[in-house]
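Grab a pencil and open the structure viewer. Below are a few exercises, each with a solution worked out step by step.

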Amino acid sequence: MRPMPTPPPHLLVIEDEQDIAALLHLHLSDLPATVKVIPDGRSGLAAALGEPFDAIVLDLRLPGLSGLDICRELRARGHRVPLLMLTARAAELDRVLGLELGADDYVTKPFSVLELKARVRALLRRAAPPVAPIDAPSQLACAELNIDRARRRAWLGTQELVLTPREFDLLWHFMGHPGRAFTRAELLEQVWGYGHDGYDHTVNSHINRLRAKLGDDRSESRFIHTVWGIGYRFEWVEAP
Ligand code: CA
């Protein structure tokens, strides 16, 4: 019996600049994928809420609602769809990272089509249900924290955590190596998995967001600890 063919991923592009939108449509269709293009923020958010997409590529500056507003709104409603933000200037990057709004990745304009396609492919790969080796654990627990890789869900006590795909991968990686200190470069290589040269602040920003979701704060972390001069370590430490 032949397996059912898997449908290509369905992507949403929210971009108001017509030539960039056309370029994205052309090249992302080629992944292959089905691509829907929406030119403004409000309709873009409505589409993202109304239809299941496998990933969304959105511009930061949009008429109606900004890309930031859309990210924030989707995450606030518990949507886990992978989001890739396009920013016009490197300076805007700080804003995106500073707001820790829940985008999984970002690309600065002007971008290379090849790189953008590679990033979208990586987002889709991470969001796809992972095929784990038979003997690999699919669930891990640490104190009141539980994570299920097969279902891509995590709980703190009875409360389900709303994690982006990257935050999920980061938490899974940490929980699989309790007590081990990782440098930011190691985390970039092992969790992000592609060339993010020198983007230590990417790691910091995701760790801060994950910590907040785990109820950790910088001075009294129970799960993710800063290892001075090295990076981070995951280990359960009871609050004093
Ligand atoms: Ca724009």
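The exercises below deal with a predicted model, and they go from a sheet to helices, a metal site and some backbone details.

**Exercise 1. Work out the strand order of the open three-stranded sheet, and find which strands stand at its edges.**

Step 1: Read the order across the sheet. You should get 10-12-11, with antiparallel pairing.

Step 2: Look for strands with a single partner. Strand 10 (181–183) and strand 11 (224–227) each have just one, so one side of each is left without a neighbour in the sheet.

Step 3: Check the twist. From one strand to the next, it averages 35 degrees.

Step 4: Zoom in on one pair. Strand 11 and strand 12 (residues 231–234) run antiparallel and are joined by four bridges. Here you can spot Thr-226 standing opposite Tyr-232 in strand 12.

If you wonder what holds such pairs together, strands of a sheet pair through backbone hydrogen bonds.

**Exercise 2. Find out which strands helix 6 and helix 7 touch or lie across.**

Step 1: Start with helix 6 (residues 165–176). It packs on the sheet and touches strand 10, strand 11 and strand 12. The direction of helix 6 makes about 65 degrees with that of strand 12.

Step 2: Move on to helix 7 (residues 184–192). This one lies across strand 10 and strand 12, and it runs at about 85 degrees to strand 10.

**Exercise 3. Describe how helix 7 packs against helix 8.**

Step 1: Decide what you need. Two packed helices are described by the angle between their axes and the distance between the axes.

Step 2: Get both values. The axes of helix 7 and helix 8 (residues 200–213) come within 9 Å and cross at roughly 75 degrees.

Step 3: Classify the angle. Values of 65 to 115 degrees count as roughly perpendicular, so helix 7 is roughly perpendicular to helix 8.

Step 4: List who meets whom. Helix 7 brings Arg-184, Leu-187, Leu-188 and Trp-192, while the partners in helix 8 include Asp-200, Val-203 and Ile-207.

Step 5: Sort the contact residues by kind. You end up with five nonpolar, three polar and two charged.

**Exercise 4. Name the residues that coordinate the calcium ion, and decide whether Asp-59 and Arg-61 are buried or exposed.**

Step 1: Pick out the donors. They come from Asp-16 (OD), Asp-59 (OD) and Arg-61 (O), at 2.1 to 2.3 Å.

Step 2: Write their spacing along the chain. It reads D-x42-D-x1-R.

Step 3: Compare with the cut-off. Buried means under 20% relative accessible area. Asp-59 has 2%, so Asp-59 is buried. Arg-61 has 46% and counts as partly exposed.

**Exercise 5. Look for cis peptide bonds before Pro-32 and Pro-110, and for positive phi at Ala-143 and Arg-152.**

Step 1: Check omega at the prolines. The bond from Leu-31 to Pro-32 is cis, with omega near 10 degrees. Lys-109 and Pro-110 are also joined by a cis bond, where omega is about -5 degrees.

Step 2: Place them. Pro-32 lies in the loop between helix 1 (18–29) and strand 2 (34–38), and Pro-110 in the loop between strand 5 (105–108) and helix 5 (113–127).

Step 3: Now phi. Ala-143 isn't a glycine, yet its phi is positive, near 50 degrees. Arg-152 has a positive phi too, about 55 degrees.

Step 4: Finish with accessibility. Ala-143, at 48%, counts as partly exposed, whereas Arg-152, at 16%, counts as buried.

Conventions: Residues numbered from 1 in each chain as written. Predicted model: local features only at pLDDT ≥ 70, side-chain atom pairs only at ≥ 80, totals over all residues. Heavy atoms only, no water. Pairing = 2+ DSSP bridges. Helix = DSSP H or I, 4+ residues; strand = E, 2+ residues; numbered from the N terminus. Axes fitted to C-alpha atoms, helices over the stretch in contact; angles between N-to-C directions. Contact = heavy atoms within 4.5 Å. Donors = N, O, S within 2.8 Å, 3.2 Å for Na, K, Ca; no water. Buried < 20%, exposed > 50% of the residue type's maximum accessible area, 1.4 Å probe, protein only. Parallel < 35°, antiparallel > 145°, perpendicular 65-115°, else oblique. Nonpolar A, V, L, I, M, F, W, Y, C, P; charged D, E, K, R; others polar.
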